[in-house]
Amino acid sequence: MICNVCPRMCSVERGKHLPANGFCKMPYEPFIARAALHKWEEPCISGVNGSGTIFFSGCSLRCVFCQNEMISRTPFGRQVDKNGFIEIMKTLENMGAHNINLVNPTHFIPFIKEALTEYKPSVPVVFNSGGYERVESLKTLEGLIDVYLPDLKYVSTVLSKKYSHAENYFSFASQAVLEMRRQTGECVFDENGIIKKGLIIRHLVLPGNISDSFKVIDFVADNLPKDTCMSLMSQYTPMKKNEKMPELNRRLTTFEYEKVLEYFKRRGLENAYIQQINSSQKQYIPDFSDFGI
């Protein structure tokens, strides 16, 4: 496969096995770092039983604050073919997962389309991504994805270049969330409050950068329906000391987070998940030394 799936548009051959020379360094068939029930997502996704999370290795971004760096930059875990991937989904379903949650799936969209076309789980499929997508790629998934859970990290090209090595992040992510909303419409929940269909836009508030958080909220308020759901996250956790970016060497303050929440309300948006400020704990990061199932 000549790959132009993500905005990097590497135009490189991605075969079934390594080595692969694109930005993500991944072959066509994915490496899975972990597959397990996960209870630390938004309540409508985790529910009581947990979300059936499948963590993909590799990434189309290079976020300097990445919590999953050990899997995002290497072929970590097990490589699976289509049949193996389908078996993982079925196992998670049988364990009682409320959904199949594809975490960081962007660079494996063609493989995922192939697998979901053959086997569509009986529970909702969640596309949980960094938001750095090509609309053309998302359109190939229409009808296969029930819930989109993208990040909308930045508006500023300065910040996206500095923190994620993707100066054009917002130009792609902004159009991606509009396409996601077009595909799913408004959020639909079951009688227990578990999401069945819809879009939830995540935004991680970064220390020292709340002015850009305001701009993210402005985009949502100005371009999407007022019922659009956001997840405003305070969980930023410094993973290592960064000499060149000292502003990232601390956690978010209560004052900063409350200012973002106040701005969200001021813009008239109606639905948001919020976090306690003490949610910035390393204990919530998945244990990738254990594959899970």
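Is cysteine 44 buried or exposed? In this predicted model, cysteine 44 is buried, with a relative accessible area of 1%. That residue is a handy way into the structure, and the description below moves from the overall fold to the cysteines, then to the open and enclosed spaces, and lastly to a few individual residues.

The protein is built from nine helices and twelve strands. Its radius of gyration is 18 Å, close to the 19 Å that the globule rule gives for 293 residues, so the protein is as compact as a globular protein of that length. The C-alpha trace spans about 50 × 45 × 35 Å along its principal axes. Of the 293 residues, 56% are buried. Contacts across the sequence are well represented: among contacts with a separation of 6 or more, 70% join residues 24 or more positions apart.

What, then, of the cysteines? The disulfide count comes to zero. Cysteine 44, the buried residue of the opening question, takes part in no disulfide, and the nearest cysteine sulfur, that of cysteine 229, is 6.5 Å away. A disulfide calls for two cysteine sulfur atoms within 2.5 Å. Cysteine 63 can be described in a similar way. Its closest cysteine sulfur belongs to cysteine 59 and lies 6.3 Å away, which is too far for a bond. Cysteine 63 also counts as buried, at 9% relative accessibility.

Attention can now turn to the spaces in the model. The largest pocket holds about 1,200 Å³ of space. Its lining is made up of 45 residues, and those nearest the centre are Glu41, Gln67, Arg202, Met233 and Gln235. Several elements give two or more residues to this lining, namely strand 4 (51–56), helix 2 (69–72), strand 7 (125–129), strand 10 (195–204), strand 11 (229–233) and strand 12 (271–274). By class, the lining of the largest pocket comprises 21 nonpolar, 16 polar and eight charged residues.

Enclosed spaces are present as well, and a search of the whole structure finds four cavities of 30 Å³ or more. The largest cavity has a volume of about 100 Å³. Thirteen residues might be looked up in the viewer for this one: the lining numbers 13, with Cys3, Cys6, Cys10, Arg14 and Cys24 nearest the centre of the cavity. Eight nonpolar, four polar and one charged residues form that lining. The second largest cavity contains about 60 Å³ of space. Around the second largest cavity are Val64, Phe65, Tyr236, Met239, Lys240, Asn242, Leu248 and Asn249, which divide into five nonpolar, two polar and one charged.

Two residues of that second lining, Val64 and Leu248, turn up again beside tyrosine 163. Tyrosine 163 lies in helix 6 (residues 157–164) and counts as buried, at 1% relative accessibility. Leaving aside neighbours within four places in sequence, tyrosine 163 is in contact with Arg62, Cys63, Val64, Phe65, Tyr154, Leu206, Asn209, Met245, Glu247 and Leu248. One of these partners is thus the buried cysteine 63. Although tyrosine 163 and leucine 248 are 85 residues apart along the chain, their C-alpha atoms are separated by 9.8 Å.

Tyrosine 154, another contact of tyrosine 163, leads on to helix 8. The C-alpha atoms of tyrosine 154 and lysine 215 are separated by 8.1 Å, with their positions 61 residues apart along the chain. Lysine 215 sits in helix 8 (residues 210–223) and is partly exposed, at 45% relative accessibility.

Finally, which residues in the loop between strand 1 and strand 2 deserve a look at their backbone angles? Methionine 9 lies in the loop between strand 1 (2–3) and strand 2 (12–13), and its phi is positive, at about 45°, although it is not a glycine. Methionine 9 is partly exposed, with a relative accessible area of 40%. Serine 11 is placed in the loop between strand 1 and strand 2 too. The phi of serine 11 is near 55°, again a positive value in a residue other than glycine. With a relative accessible area of 44%, serine 11 is partly exposed.

Methods: Residues are numbered from 1 along each chain as its sequence is written. This is a predicted model: local features need pLDDT of at least 70, side-chain atom pairs count only at pLDDT 80 or more; totals for chains, interfaces and linings use all residues. Side-chain values use heavy atoms; hydrogens and water are left out. Helices (H or I, at least four residues) and strands (E, at least two) are DSSP runs, numbered from the N terminus. Buried means under 20% relative accessible area, exposed over 50%, partly exposed in between (1.4 Å probe, protein chains only). On a 1 Å grid over the protein atoms alone, a cavity is a set of points where a 1.4 Å probe fits but cannot get out, and a pocket is an open set with protein on both sides within 12 Å along at least five of seven lines; lining residues have an atom within 4 Å of a point. Grid points are joined across faces, edges and corners, and a volume is the space filled by probe spheres set on the points. Ala, Val, Leu, Ile, Met, Phe, Trp, Tyr, Cys and Pro count as nonpolar, Asp, Glu, Lys and Arg as charged, and the others, Gly among them, as polar. The radius of gyration is taken over C-alpha atoms; the globule rule is 2.2 Å times the number of residues to the power 0.38. Contact means heavy atoms within 4.5 Å.
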